[in-house]
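Colleague: Before I use this model, I would like to hear the reasoning behind the words used for it.
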Amino acid sequence: MLLEEFDELRVSADRIGPARWTAHTPWAGDFGDAAFANPGPKGPFKVENGILSITASKDKNGRWTSGLLAAADASGAGTGTRYGYFEARMKMPAGRGTWPAFWLAALKPAAMTEGNVEIDVIEYYGQFPSAYQAATHIWYKDPQKTRGEAQKIDILADTLFNEFHTFGVDISPQAIVFFLDRKPVWTQPTPPELDGPLYPLVNLALGGGWPIDRTPNPSTLLIDYVHVFARDAGPPEGCPPGPAMLPP
């Protein structure tokens, strides 16, 4: 179980241990049009009043930097679960070119790349303020075997950057159920490749195939918490998905 309330931030550049988070993808696969920076006094991360901010900013030379947190490192050390409920409460940045996300990846050594499951709880593209995307991916070295599904989730325009919302996913042997504000919005069958735990990542990337020439400088993603509630496989018919399993 992970209950990250961001009263403090324990993050290192690349190693889990005393740190709860690392600042890069464990497989050295950083992405987007802003470099993910290491933690530090001038880094992209700040904790204030129990809220983590990740800020993308551009220097005088036009170079963007931003931040990512992963609850794992390249050795396979980290925090996650195979079955259970993952949730983050976040407020998105406004503006074109922003590309924040809350997502899950396979908790295993980075050298193990075959059949890895990825679950995108939310990918938000700032130029489309009336929707976000949820997705499942199964990654193989052979692109013919790689597969996935994505779903557009319609929302009220501008709501994601005007107020906080919760984004969740419940994972069981039977189904992957996505939630917005603890209401189900999409369901996919659990792939057979899900053979081990998943860990959470949260980031503010830029671009994602869209221009960043009009992206506000700075742009900030706010995260109130990241929670992971583990459970076992449950009965053959499956457990009730999602928030019903949470403690009061």
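Colleague: Why does the radius of gyration of the protein agree with that of a compact globule?
Modeller: This is a predicted model. For 248 residues, the globule rule of 2.2 Å times the number of residues to the power 0.38 puts a compact globule near 18 Å, and the protein has 17 Å, so the two agree. The C-alpha trace spans about 60 × 45 × 40 Å along its principal axes.

Colleague: What makes a residue count as buried, and what share of the protein does?
Modeller: The cut-off is under 20% relative accessible area. Of the 248 residues, 50% meet it. The protein exposes about 11,500 Å², with 52% of that supplied by carbon and sulfur atoms.

Colleague: Why is strand 9 called largely enclosed?
Modeller: Strand 9 covers residues 98–106, and nine of its nine residues are buried, so the rest of the structure largely encloses it.

Colleague: How do you know that strand 9 pairs with strand 16 and with strand 10?
Modeller: Pairing requires at least two bridges between two strands. Strand 9 has nine bridges to strand 16 (residues 198–206), running antiparallel, and five to strand 10 (residues 116–123), also antiparallel. Both counts therefore satisfy the requirement of at least two. Leu 104 stands opposite Pro 200 in strand 16, while Trp 103 stands opposite Asp 120 in strand 10.

Colleague: How many helices and strands does the protein have?
Modeller: Its secondary structure comes to one helix and 17 strands. Among contacts between residues at least 6 apart in sequence, 68% join residues at least 24 apart.

Definitions and conventions: Residues numbered from 1 in each chain as written. Predicted model: local features only at pLDDT ≥ 70, side-chain atom pairs only at ≥ 80, totals over all residues. Heavy atoms only, no water. Helix = DSSP H or I, 4+ residues; strand = E, 2+ residues; numbered from the N terminus. Buried < 20%, exposed > 50% of the residue type's maximum accessible area, 1.4 Å probe, protein only. Contact = heavy atoms within 4.5 Å. Areas by Shrake-Rupley, 256 points an atom, 1.4 Å probe, with all protein chains shown as cover.
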